[in-house]
Amino acid sequence: QFPVELIERLVLALTNPGDSVLDPYAGVGSSLIAALKHDRKAFGCDLMPEYVEVAWERIHALQEGTLRLRPMDRPVYD
């Protein structure tokens with residue numbers, strides 16, 4: 001899956017709170033999670049039903065506060 005922290009920087013740089021983010025190849029929803037995390041509206045689709053199901057599970061985990069994400073400011077390696 002694509003790291004949320006990578007797309008998160010793009011969402012913050014290119015959109016404002018309340019804007020919409022569209023990902024026509026949403027996969028497991030990393031871009032959607034980045035958008036929702038920063039008060040944007042998120043729209044996405046994918047051809048693979050399995051990916052859509054995983055995306056929904058991750059979005060629900062984000063809303064419940066149980067989705068594990070690496071903070072943007074923490075280095076990958078020390």
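This briefing walks through the core, the second helix, the main pocket and two individual residues of the structure above. Please keep in mind that the model is predicted. Its largest nonpolar core has eight residues, and its largest pocket holds about 200 Å³ of space. Helix H2 (30-37) is a good thread to follow, as H2 gives two or more residues to that core and at least two residues to the lining of that pocket.

**The nonpolar core**
- The eight residues of the largest nonpolar core are Val4, Ile7, Val11, Ala26, Leu32, Ile33, Ala34 and Ile59.
- Two or more of these residues come from helix H1 (4-14), and two or more from helix H2 (30-37).
- Ile7, a member of this core, touches Phe2, Ser30, Ser31 and Ala34, leaving aside residues up to four places away in sequence.

**Val11 in H1**
- Val11 is found in helix H1 and counts as buried because its relative accessibility is 5%, under the 20% cut-off.
- Beyond residues up to four places away in sequence, Val11 touches Ala34, Ala35 and Arg40.
- Val11 and Ala55 are 44 residues apart along the chain, and 18 Å separates their C-alpha atoms.

**Helix H2 and its surroundings**
- H2 is mostly covered, with six of its eight residues buried.
- The buried residues are Ser30, Ser31, Leu32, Ile33, Ala34 and Ala35.
- These buried residues of H2 pack against H1, strand S1 (20-23), strand S2 (41-44) and helix H3 (49-64).

**The largest pocket**
- In the largest pocket, 13 residues form the lining, and Leu32, Gly44, Ala55, Trp56 and Ile59 lie nearest the centre.
- H2, S2 and H3 each supply at least two lining residues, and the largest share, four residues, comes from H3.
- By residue class, the lining divides into 10 nonpolar, two polar and one charged.
- Leu32 and Ile59, both listed among the residues nearest the pocket centre, also belong to the largest nonpolar core.

**Asp39, a backbone feature to look at**
- Most residues other than glycine have a negative phi.
- Asp39 is not a glycine, yet its phi is positive, at about 60°.
- Asp39 follows H2 and is found in the loop between H2 and S2.
- With a relative accessibility of 58%, Asp39 counts as exposed, because the cut-off for exposed is over 50%.

Notes:
Residues are numbered from 1 along each chain as its sequence is written. This is a predicted model: local features need pLDDT of at least 70, side-chain atom pairs count only at pLDDT 80 or more; totals for chains, interfaces and linings use all residues. Side-chain values use heavy atoms; hydrogens and water are left out. A nonpolar core is a set of buried Ala, Val, Leu, Ile, Met, Phe, Trp, Tyr and Cys residues joined through side-chain atoms within 4.5 Å. Buried means under 20% relative accessible area, exposed over 50%, partly exposed in between (1.4 Å probe, protein chains only). Contact means heavy atoms within 4.5 Å. On a 1 Å grid over the protein atoms alone, a cavity is a set of points where a 1.4 Å probe fits but cannot get out, and a pocket is an open set with protein on both sides within 12 Å along at least five of seven lines; lining residues have an atom within 4 Å of a point. Grid points are joined across faces, edges and corners, and a volume is the space filled by probe spheres set on the points. Ala, Val, Leu, Ile, Met, Phe, Trp, Tyr, Cys and Pro count as nonpolar, Asp, Glu, Lys and Arg as charged, and the others, Gly among them, as polar.
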